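Here's a quick walk through one strand and its surroundings. Have the viewer open as you read.

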Amino acid sequence: MSKDRADQAPARQDATDERAPAAASRAEVDAFLNHVKALGPAAKSGERGRLMFALDATMSRQPTWDQACKLQAEMFREAGAVGGLDIQLVYYRGLAECRASPWIAEAEKLGALMSRIDCRGGHTQIGKVLAHAGRENDKAKVGTLVFVGDAFEEALDDVCARAGELALRNVRAFMFQEGYDAVCEQAFREIARLTRGAYCRFSPGAAHELAELLRAAAAYAAGGMKALADLKQRHSAGAVKLLEQLK
């Protein structure tokens, strides 16, 4: 495997800045959810949505990886009311290791796969993730790319070229940043802008904020704005649910 090409396919997997107040993250989550509400549908009526769930699995990510293992089932649950969702897990870690699972239709299988993966030190490989999303879309439509990470250590122009290729395929990237690294924010915002997707930051360790974002992305991948509106009607206002911020 070449270690230098940003467009290299991931291997197949078979089975500290000062932190801003939490209120700032909440406002950004609210803004993201409102942005997603305005987007058009990602899947055609009657079709299962396809969501690529990409995560940074380098060493600093272990706490959030553990959270994502628990939260991933929420994506299947919310999308199931619309027509279903297939998810592909993509992750990178270590020395140029970047892997992709098969497309998975059951939360239990994805959860079991994620639970066997441990985080390892290494640099970011977001360019590879974007290039892989483009290739998968060429096989069958990918409704949404969701990426969760806290760092960016690549040549931004090269990665933006991959993002531009995704835009030509009409694949939106939802870039979810944990924490407040300024370099990461600049890169994630630009990737989201180029793909006509969205950027949002969530507070470090804030599982409820990440859950809201993942469920919003899953609803959009399965049915777009209508699915988000229907989701709001199915849950009580007192619960910590995805669309309670859409006022």
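## Pairing with β2

Start with a single bridge: methionine 52 is partnered with glutamine 88 of β3. This is a predicted model, so treat that bridge as part of a prediction. Zooming out, the strands involved are β2, residues 49–56, and β3, and they run parallel to each other over eight bridges.

## Pairing with β4

β3 also pairs with β4, which covers residues 97–104; here the sense is antiparallel and there are six bridges. For one of these spots, look at tyrosine 91, whose bridge partner in β4 is arginine 99.

The β3 and β4 hairpin has three residues between the strands, and glycine 94 takes a positive phi near 60° there.

## How covered is β3?

How many of the nine residues in β3 are buried? Nine of them: the strand, residues 85–93, is mostly covered.

Split the strand by side-chain direction and you get Leu85, Ile87, Leu89, Tyr91 and Arg93 pointing one way. Asp86, Gln88, Val90 and Tyr92 point the other way, and both sets are buried.

## A histidine to look at

Now hop over to helix α4, residues 126–139, where you'll find histidine 132. Is histidine 132 buried or exposed? Its relative accessible area is 4%, so histidine 132 counts as buried, the cut-off being under 20%.

Which residues does histidine 132 touch, leaving aside those up to four places away in sequence? The list is Pro10, Met52, Gln88, Val90 and Ala100. Two names there should ring a bell: Met52 and Gln88 are the bridge partners we started with.

Key
Residues are numbered from 1 along each chain as its sequence is written. This is a predicted model: local features need pLDDT of at least 70, side-chain atom pairs count only at pLDDT 80 or more; totals for chains, interfaces and linings use all residues. Side-chain values use heavy atoms; hydrogens and water are left out. Buried means under 20% relative accessible area, exposed over 50%, partly exposed in between (1.4 Å probe, protein chains only). Helices (H or I, at least four residues) and strands (E, at least two) are DSSP runs, numbered from the N terminus. Two strands pair if DSSP finds at least two bridges between them. Contact means heavy atoms within 4.5 Å.
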